[in-house]
Amino acid sequence: AAVGEGHCVGQGEEEDTQRRVSLSLLTLYRTMSSQYWLVSLPLEGGSADRTWSILQDKTCHDNDLSVSYKFNVPELRVGTLDSLLALSDDLVKVNTLVEAIATKIQRQVIDLAAIEGASEELSVDGISAERFLTAFTWDEAKHPARRPLRETVEKLQESVAKVDDEFKVRTSEYVTVKGQLSAISRKDNGSLATRDLGGLVNDSDLVDTENLTTLCVAVPRFSQKDWLESYETLAQFVVPRSSKKLKEDGDYALYTVTLFRRVVDAFKSAAREKSFQVRDFTYDAEAIQAKTSERNDLKTEVEERRAAMYEWCQTCYGEVFSAWVHICAIRLFVESILRYGLPPSFLAGVMKPHAKCEKKLRAVLTNTFGRGASSHWNADPDEDKVLGEDTHPYVAFTINV
């Protein structure tokens, strides 16, 4: 059975949408990450040590095409051939989903770190993700090797699904609070023609008596001269020289004007004809204080949720990445049994190809470990793209860290 980068086939519109989002995230992630190959090679002369020595000579010492590490896969419980075939198909889908979840968490850490001014470094059990992969040790305490493979995969998938569910809840809560703060900020930072005036107008700027009132008017920036020359004539009973500029932005200037209450409607109508916008505003100290308190409370909550989200992602990324590598190990084992048969007889390794050496490295691996293979196996990467998966005379798939 050929092994390669698989695609999860969703069932239903919701699953199909989730698949498209996951693959989009993976595409973005893979452009930013380091690529490793997980390979399983047939033993030369029945010896793992001899096979490892040949691999090192051909890919490192003689050609300097990659850096290679042994990948410690235990002898897992095999089960029946039918169960292995079914599990092989499922593992491709599970791998894609778990990788997408790890990617989401990593992207969240990067985004939050940029805001917090914190480190983007992620660790798995106290070491870097790359180090965890290249020095991988199977967690026998959590995942006994003699447990049925299907059960181990399900437990790994369940643990990742719980993290993903909590991630969605935490993200939703953070985005909701952040959106509320943004909505308030937009009202405070918009144009003088639309923004809330509570923080701009003081009680001392206004006259409020039985007969007199003060209006706030947004005047186009380049019409200020016209305003100053005409506002006293826009209606009868406008208090002369009562207009005062409070603030100016890129588009408007905010002016006050005092007049008799009985001519307010006439003044508004005349002002509208000259593109002067009379703002509906009533000074309310309690309301202004309440909005200020709400804004400060939301700002504090956003900062607290962001910090908590950052710490949570840092912790849970390790759990998800560890589960992902264990799934990769199971996948490598299953495909090796299906490819090379029983008893298990293969060398598992992790390879990091040097830049622009991938095609040559594939050719070396094929020539070295693909003797006697059918012409079905093809190491041409262009043809691989057409087929939609890697096809090689040895087990291989990629993992991006």
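Is arginine 305 buried, partly exposed or exposed? Arginine 305 turns out to be partly exposed, with a relative accessible area of 30%. Keep in mind throughout that this is a predicted model.

**View 1. Arginine 305 pairs up with glutamate 301 inside helix 8.** The two side chains meet in a salt bridge, 3.1 Å from N to O. Both residues sit in helix 8, four residues apart, which is about one turn of the helix. Glutamate 301 is partly exposed too, at a relative accessible area of 27%.

**View 2. A salt bridge ties glutamate 130 to lysine 352.** Here the closest N and O atoms are 3.5 Å apart. The pair brings together distant parts of the chain: glutamate 130 belongs to helix 4 and lysine 352 to strand 9, with their positions 222 residues apart. Glutamate 130 counts as partly exposed because its relative accessible area is 27%, and lysine 352 is also partly exposed, at 29%.

**View 3. Glutamate 151 meets arginine 147.** In this salt bridge the closest N and O atoms lie 3.9 Å apart. Take a look at the burial of each partner: arginine 147 is buried, with a relative accessible area of 16%, whereas glutamate 151 is partly exposed at 34%.

**View 4. Lys104, Asp164 and Lys168 form a salt-bridge network.** These three residues are linked to one another through salt bridges. For the wider picture, the structure holds 17 salt bridges.

**View 5. The largest nonpolar core takes in 64 residues.** Within this core, Leu38, Phe71, Leu133, Phe321 and Ile330 touch the most other members. Strand 1 (35-42), helix 3 (81-116), helix 4 (129-134), helix 5 (149-189), helix 8 (285-340), strand 9 (346-353) and strand 10 (395-400) each chip in at least two residues. Helix 8 gives the most, with 22 residues. As a rule of thumb, nonpolar side chains in soluble globular proteins tend to be buried together.

**View 6. Zooming in on leucine 38 and the residues it touches.** Setting aside residues up to four places away in sequence, leucine 38 touches Phe71, Leu133, Cys328, Leu332, Gly349, Val350, Val395, Ala396, Phe397 and Ile399. Two of these names, Phe71 and Leu133, also appear with Leu38 among the core residues that touch the most other members.

**View 7. A second core stands separate, with 19 residues.** Among its members are Val217, Tyr231, Leu234 and Ala271.

Note on methods:
Residues are numbered from 1 along each chain as its sequence is written. This is a predicted model: local features need pLDDT of at least 70, side-chain atom pairs count only at pLDDT 80 or more; totals for chains, interfaces and linings use all residues. Side-chain values use heavy atoms; hydrogens and water are left out. A nonpolar core is a set of buried Ala, Val, Leu, Ile, Met, Phe, Trp, Tyr and Cys residues joined through side-chain atoms within 4.5 Å. Buried means under 20% relative accessible area, exposed over 50%, partly exposed in between (1.4 Å probe, protein chains only). Contact means heavy atoms within 4.5 Å. A salt bridge is a side-chain nitrogen of Lys or Arg within 4 Å of a carboxyl oxygen of Asp or Glu.
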